[in-house]
Amino acid sequence: MSQELYVDLNRCQGHARCWAFAPETFAIDEKGYAYVIPGREASYEEEKVRKAIKNCPERSILLRESDDQ
């Protein structure tokens, strides 16, 4: 098992702090909401992503367990 990164769009308010801390992992859509760049869900720089998670005021950046299969 590994952890997969995602943004809960029900919580995201478009502050873009995740993008500020980890622009190689997060992007902002046309409405101003964050998302994980496709292909980066399980491949990201952990220290930068941890800072993004800690600084998200809505706590919308989450890690979930995923199967490696």
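Visitor: Is C56 buried or exposed, and what is its relative accessible area?

Guide: This is a predicted model, and in it C56 is buried, with a relative accessible area of 8%. Another cysteine, C18, is also buried, at 7%.

Visitor: How many disulfides does the structure hold?

Guide: The general idea comes before the case. A disulfide is a covalent bond between the sulfur atoms of two cysteines. In this structure there are 0 disulfides. The sulfur of C56 has its closest cysteine sulfur in C18, at 6.6 Å, which is too far for a bond.

Visitor: Which cysteine sulfur is closest to that of C18?

Guide: The closest one belongs to C12, at 6.4 Å from the sulfur of C18. Because a disulfide requires the two sulfur atoms to be within 2.5 Å, that separation is too far for a bond.

Visitor: Which residues make up the largest nonpolar core?

Guide: The core has 12 residues in all: L5, V7, C12, C18, A22, F26, A34, V36, V49, A52, C56 and I61. The cysteines C12, C18 and C56 are thus among its members. At least two core residues come from each of β1, β3 (34-36) and α2.

Visitor: May we take one member of the core as an example? Where does L5 lie, and is L5 buried or exposed?

Guide: L5 belongs to strand β1. Its relative accessibility is 1%, and L5 therefore counts as buried.

Visitor: Which residues is L5 in contact with, once neighbours within four places in sequence are left aside?

Guide: The contacts of L5 are T25, F26, V36, E41, Y44, V49, I61, L62 and L63. Among these partners, F26, V36, V49 and I61 are also listed in the core. By way of contrast, one may consider G32, which stands 27 residues from L5 along the chain. The C-alpha atoms of L5 and G32 are separated by 19 Å.

Visitor: L62 was named among the contacts of L5. Where is the place of L62, and what does L62 touch?

Guide: L62 is found in strand β4. With residues up to four places away in sequence not counted, L62 touches E4, L5, Y6, D8 and R11. One of these, D8, is 54 residues from L62 along the chain, and the C-alpha atoms of the two are separated by 7.2 Å. At 21% relative accessibility, L62 counts as partly exposed, whereas L5 counts as buried.

Visitor: Where is the place of S60, and which residues is S60 in contact with?

Guide: S60 sits in the loop between α2 and β4, and counts as buried at 2% relative accessibility. Apart from neighbours within four places in sequence, S60 is in contact with Y6, V7, D8, R11 and C12. The contacts of C12, reckoned with neighbours within four places likewise left aside, are V7, Y33, A34 and S60.

Visitor: Let us turn to charged side chains. How many salt bridges are there?

Guide: Side chains of opposite charge can pair when their charged atoms come close. The count for this structure comes to 6 salt bridges. One of them is formed by R64 and E4, whose closest N and O atoms are 3.3 Å apart. This pair links distant parts of the chain, R64 being in strand β4 (residues 61-66) and E4 in strand β1 (residues 2-7), 60 residues apart. R64 is partly exposed, with a relative accessible area of 39%, and E4 is partly exposed at 24%.

Visitor: Over the face of which residue does R64 lie?

Guide: R64 lies over the face of Y6, 3.9 Å from the ring centre. Pairs between aromatic rings are a separate matter, and the structure holds 0 of these aromatic pairs.

Visitor: Which residues are joined into one network by salt bridges that share partners?

Guide: K48 forms a salt bridge with E24, and the closest N and O atoms are 3.5 Å apart. K48 lies in helix α2 (residues 46-55) and E24 in the loop between α1 (17-21) and β2 (26-28), so the pair ties together parts 24 residues apart in sequence. K48 also meets E45 in a salt bridge, at 3.9 Å from N to O. Through shared partners, E24, E45 and K48 are joined into one network.

Visitor: Are the members of that network buried, exposed or partly exposed?

Guide: K48 counts as partly exposed at 30% relative accessibility. E24 is likewise partly exposed at 28%, and E45 is partly exposed at 41%.

Key: Residues numbered from 1 in each chain as written. Predicted model: local features only at pLDDT ≥ 70, side-chain atom pairs only at ≥ 80, totals over all residues. Heavy atoms only, no water. Salt bridge = Lys/Arg side-chain N within 4 Å of Asp/Glu carboxyl O. Helix = DSSP H or I, 4+ residues; strand = E, 2+ residues; numbered from the N terminus. Buried < 20%, exposed > 50% of the residue type's maximum accessible area, 1.4 Å probe, protein only. Phe/Tyr/Trp six-rings, centres within 6.5 Å; stacked < 30°, edge-to-face > 60°. Lys NZ or Arg CZ within 6 Å of the ring centre and 35° of its normal. Contact = heavy atoms within 4.5 Å. Core = buried A, V, L, I, M, F, W, Y, C linked by side-chain atoms within 4.5 Å.
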